[in-house]
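Student: I would like a close look at a single part of this model, set against the chain as a whole. Please take me through it step by step.

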Amino acid sequence: MSVQPATQEIITELEAALSRIGVDANAWKGNEPVSTPVTGETIFSTLTHTAKDVDAAITRAAEAFIQWRDVPAPVRGALIKRWGELLTEYKDDLAVVVGAEVGKITSEARGEVQEMIDICDLAVGQSRQLFGKTIPSERPGHRLAETWHPLGVVGIISAFNFPVAVYAWNTALALVAGDTVVWKPAETGRLSAVATDALLARAVREVGAPAGIHQLVLADRVAGQALVEDPRVALVSATGSVRMGREIAPLIAARFGRALLELGGNNAAIVAPSADQDLALRGIVFAAAGTAGQRCTTLRRLIVHESLADALVDRIAAAYKTLSIGDPRTEGTLVGPLVNKKSFDAQQAALAQAVAEGGTVVYGGDRVLADVHPDAYYVQPAVVRMPAQSAVVQEETFAPILYVLTYKTLDEAIALQNGVPQGLSSAIFTNDQAEAEIFLSARGSDCGIANVNIGTSGAEIGGAFGGEKETGGGRESGADSWKAYMRQATNTVNFSGQLPLAQGVKFL
Ligand code: NAD
C-alpha cells in the first residue's frame, strides 16, 4: 500500500527509533492498525490482547509481587534509577515514537519523556523515605507507630494524550513501593507503550529484578475491563475521560478495590485588572493552544475583568494568527494535529453549539491543511466570546477552543471558575496580593491545582497532580502521592510488662 512521503518518513524514523530502543517490532505485529495523526495514515499494526491475556498478565504480576515485596525498598529504587538512565539515553528516540503516534510537537514529546525521567529521580529518593510516624501512646510503656506496605498488583489505564508520562508517574512510585504493575495503554498509544516497556524490561534484566513485575497488555477497553473487575488488582489507577471514570468506578467499588482516578478537566484562568498583561497573554496562549488543546490541564475558559476583555481578546486573536500549525516534527511548529476525526467532529460540534448558545467566534476554529493531509485534522485554535450561562462551557471538548467570559467582581469570577462539574486546574493572573491569596484560600479555587501568574498547564513533578469533583479526586506524582500505592498499618507495641487498656477500660 502506498503512503504519502511524510508517512513514509515517519515509518522510517519510527522503525529506527524502535530498533535503537531495543523493541523487537516483529513480536508486536498484528492486525490492529496504528495511524499517525500527522497524516492520518497507517504506520504500524499491532497485535491485540484479549481478556484472557489480561487475566494471565495479572497472574504473572501477582506471582512476581510475592518476591518483589520482600526486596528492600532502596534496592527497588535501584531499578527505577536504571530505568531513568535508560530513558535519558533514549529520550529522543522515545520522543520520536510519541510524536509519531499522538502527533505532539518535538519539544513537547521530549518534555513528556523528561517528565518520566523526573519522576524516576523523585521515586529513587522516595525509595529511602517510605516512612511512617511514631505517635505518642496514651499508655505507659507502649509505642504507637505506622508502617507502610505495598498493596499488590496495580492496574494502570492510561489516556492517549500523555501516552508515556502518566504511566511513569504510576509505575516509578508503584514499583518503589513494592507493587507490581499491569498496564493497559490507550488504543492510541500502543507503540509508545511497547517502547517504554522495552526500556523498563531492560532495566529489570540488568538489575536482576523479577521479570513479572511489569506487564503490558494491548487491550481495547472491553478487554481492559478485566483489569477493573479482577479482585487481585488492589489499585486501579485510571487516567481518561469522565465518561470512563463513570464506567469503571462503580465496578471497582463493588469489589472494594481502590481507585485512583485522573479524569477530565475544564480549566479556567482569571485575568484581573492588576495583571501583567504581557505575561498573562503568553501564559494564556501556551495553556490554551499548546498540545493543540489536548492536555487535561488545557486552558478552556478565560474569565477576564470586563474592563480588559476587548483588548485582551484582540491580543489573543493576534497571537493565535502567528502560531504555526502543521507537521509537529517541523522545527517552529507550535500546533500539531488533533488526534483523529472523532476529535475534529467534537471540536466542530462544540463550536456550532457555542454559536447556537449566543457565542461569537472571534478567531479560528477552521480546519487547515486538508488539501495536504486529507486524512489528518489540523485546526486553528479558536477564541470564542461567550455569555455567562451556556451548556457548552460546562463540558470538556478535547480541542483548542478558548471560551472567554467576563466578570465585574472577584467573587463573581471565582463563582464562574468553580461553576463547572470538573475541578482539575485553575489560575489567576493578578498583581494584587490579596486577590491572589483569596483565590488560593478555601473560598477560592476548588481545583486540585491553583496557580498564580502562570497558566493552567505544565505542572512539575514535585507537586501532587490531580483534581476534585468529576476529575476524580486522585493524586499522582509528587508530594505524598506515594501513599496511594501503599497500605498503612498501625502498630501498638507494649513493652510495659502490664496490660493497660486504652480509654481506661478495666477488664479482667
Ligand atoms: P478515554 O476515557 O477515552 O480513554 C482513557 C483510557 O481508558 C483508555 O486506555 C481507554 O481504553 C480506557 N477505557 C475507557 N473506557 C474503559 C472501560 N470501560 N474499562 C476499561 N478501560 C476503559 O480518554 P482519552 O480520549 O484517551 O483521553 C482524553 C481524556 O483523558 C480527557 O478527558 C482528559 O482530560 C483526560 N486526561 C486526564 C488526565 C488527568 O490527569 N486528570 C491526564 C490525561 C488525560
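Student: Which strands form the open sheet with β23, in what order do they lie, and where do the residues with a positive phi that are not glycine sit?

Tutor: The model is a predicted one, and it helps to place the sheet in the whole chain before going into detail. The protein chain holds 14 helices and 23 strands, and its C-alpha trace spans about 80 × 60 × 40 Å along the principal axes. The radius of gyration is 24 Å, which agrees with the value near 23 Å that a compact globule of 508 residues would have. Buried residues make up 55% of the chain, and, among contacts with a separation of 6 or more, 74% join residues 24 or more positions apart. The accessible surface comes to about 20800 Å², with 54% of that area belonging to carbon and sulfur atoms. As for charge, there are 43 positive and 56 negative side chains, and the centres of these two sets lie 6 Å apart.

Within this chain, the part you ask about is an open sheet of 3 strands, which run in the order β3-β4-β23 with antiparallel pairing. The edges are formed by β3, residues 134-135, and by β23, residues 486-494, each of which pairs on one side only. In general, the strands of a sheet are paired through backbone hydrogen bonds, in either a parallel or an antiparallel sense. Here β4, which covers residues 142-150, pairs with β23 in the antiparallel sense over 9 bridges, and the register can be read from Glu146, which stands opposite Thr490 in β23.

Following the chain past this edge strand leads to Gln503, which is placed in the segment after β23. Gln503 has a positive phi of about 60 degrees although it is not a glycine. To put that in context, most residues other than glycine have a negative phi. Gln503 counts as exposed because its relative accessibility is 66%, the cut-off for that class being over 50%.

A second residue of this kind is Leu369, whose phi is positive at about 65 degrees although Leu369 is not a glycine either. Leu369 lies in a loop, between β13 (367-368) and β14 (378-379). With a relative accessibility of 29%, Leu369 counts as partly exposed, because that class lies between the buried limit of under 20% and the exposed limit of over 50%.

Definitions and conventions
Residues are numbered from 1 along each chain as its sequence is written. This is a predicted model: local features need pLDDT of at least 70, side-chain atom pairs count only at pLDDT 80 or more; totals for chains, interfaces and linings use all residues. Side-chain values use heavy atoms; hydrogens and water are left out. Helices (H or I, at least four residues) and strands (E, at least two) are DSSP runs, numbered from the N terminus. The radius of gyration is taken over C-alpha atoms; the globule rule is 2.2 Å times the number of residues to the power 0.38. Buried means under 20% relative accessible area, exposed over 50%, partly exposed in between (1.4 Å probe, protein chains only). Contact means heavy atoms within 4.5 Å. Accessible areas come from the Shrake-Rupley method with a 1.4 Å probe; for residues, only the protein chains shown count as cover. Lys and Arg count as positive and Asp and Glu as negative; His and the chain ends are not counted. The place of a charge is taken as NZ of Lys, CZ of Arg, CG of Asp or CD of Glu. Two strands pair if DSSP finds at least two bridges between them.
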